[in-house]
Amino acid sequence: MPLSDLSALGYDAQTAVREVPPGPTASALVRYAGGCIEGSEPAAFFGYIFVLERRVIRITEDALRKLESALPCGADATSGVRAHAVQFDHQHVEELVAFVSGLPADDRTAVALACFDTAALISKAVPADSVHERERRLARAHKSTIQATESRSKS
């Protein structure tokens, strides 16, 4: 879905992913998730997931409408966030709470601590780069830029 959303905005999705790598907060979250899975208490990963999905289900319909109104007319580029905010993650959170409540106390403690750690990582979020730098990098991934470059190279 995210790749389709990038395409709907006029980007070559693979190029956009290459040009704008994850920022420091996203990278830290991925490292943390890997540490949970590979560490001595893999149940902690459920705390990481809970925090991420709980944040997404708090996105309101009003916020989604505002996001859509800021996009170019007719661009259907919110399918990923909408699907998670409205459909998937509500059920995931409910299932996760039910599952975790049946775990042994030590595992529930690991999940709770991972919730705290994950929320702390998110609260320390730092912008990956300036808006100008991000725009410059994304411009290289816009389909019109790629087409212009290709036609110049054919001449």
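Here are a few friendly notes on this predicted model, taken one topic at a time.

1. **The helix pair α3 and α4.** A good place to start is where these two helices meet: their axes come within 7 Å and cross at roughly 150°. Angles over 145 degrees count as roughly antiparallel. That is why α3 is described as roughly antiparallel to α4. On the α3 side, the contact is made by Leu29, Val30, Tyr32, Ala33, Cys36 and Ile37, while α4 contributes Ala44, Phe45 and Tyr48. Sorted by class, this contact has nine nonpolar residues, with no polar and no charged ones.

2. **The largest nonpolar core.** This core has 16 residues, and Tyr32, Ala44, Tyr48, Val100 and Val111 are the members that touch the most others. Two or more residues come from each of α3 (24-38), α4, α6 and α7 (105-123). The largest share belongs to α7, which supplies five residues. It is worth looking at Tyr32, Ala44 and Tyr48 again here, as they also take part in the contact of α3 with α4.

3. **Val111 and its surroundings.** Do have a look around Val111, one of the core residues that touch the most other members. Setting aside neighbours within four places in sequence, Val111 is in contact with Ala43, Ala44, Phe46, Gly47, Val100 and Leu103. Among these partners, Ala44 and Val100 are also listed with Val111 as core members touching the most others.

4. **Aromatic pairs.** The structure holds three of them. In one, the ring centres of Phe46 and Phe99 are 5.1 Å apart and the planes stand at 65°, so the pair is edge-to-face. This pair links distant parts of the chain, with Phe46 in helix α4 (residues 44-56) and Phe99 in helix α6 (residues 79-101), 53 residues apart. Phe46 counts as partly exposed because its relative accessibility is 28%. Phe99 is partly exposed too, with a relative accessible area of 44%. Elsewhere, ring pairs link Tyr32, Phe45 and Tyr48 into a cluster. Those three residues also appear in the contact of α3 with α4.

5. **The start of the chain.** Finally, a word on Pro2, which lies in helix α1 (residues 2-8). Is Pro2 buried or exposed? With a relative accessibility of 58%, Pro2 counts as exposed. If you would like a spatial reference for this residue, the C-alpha atoms of Pro2 and Val17 are 10 Å apart, and the two residues are separated by 15 residues in sequence.

Notes. Residues numbered from 1 in each chain as written. Predicted model: local features only at pLDDT ≥ 70, side-chain atom pairs only at ≥ 80, totals over all residues. Heavy atoms only, no water. Helix = DSSP H or I, 4+ residues; strand = E, 2+ residues; numbered from the N terminus. Buried < 20%, exposed > 50% of the residue type's maximum accessible area, 1.4 Å probe, protein only. Phe/Tyr/Trp six-rings, centres within 6.5 Å; stacked < 30°, edge-to-face > 60°. Core = buried A, V, L, I, M, F, W, Y, C linked by side-chain atoms within 4.5 Å. Contact = heavy atoms within 4.5 Å. Axes fitted to C-alpha atoms, helices over the stretch in contact; angles between N-to-C directions. Parallel < 35°, antiparallel > 145°, perpendicular 65-115°, else oblique. Nonpolar A, V, L, I, M, F, W, Y, C, P; charged D, E, K, R; others polar.
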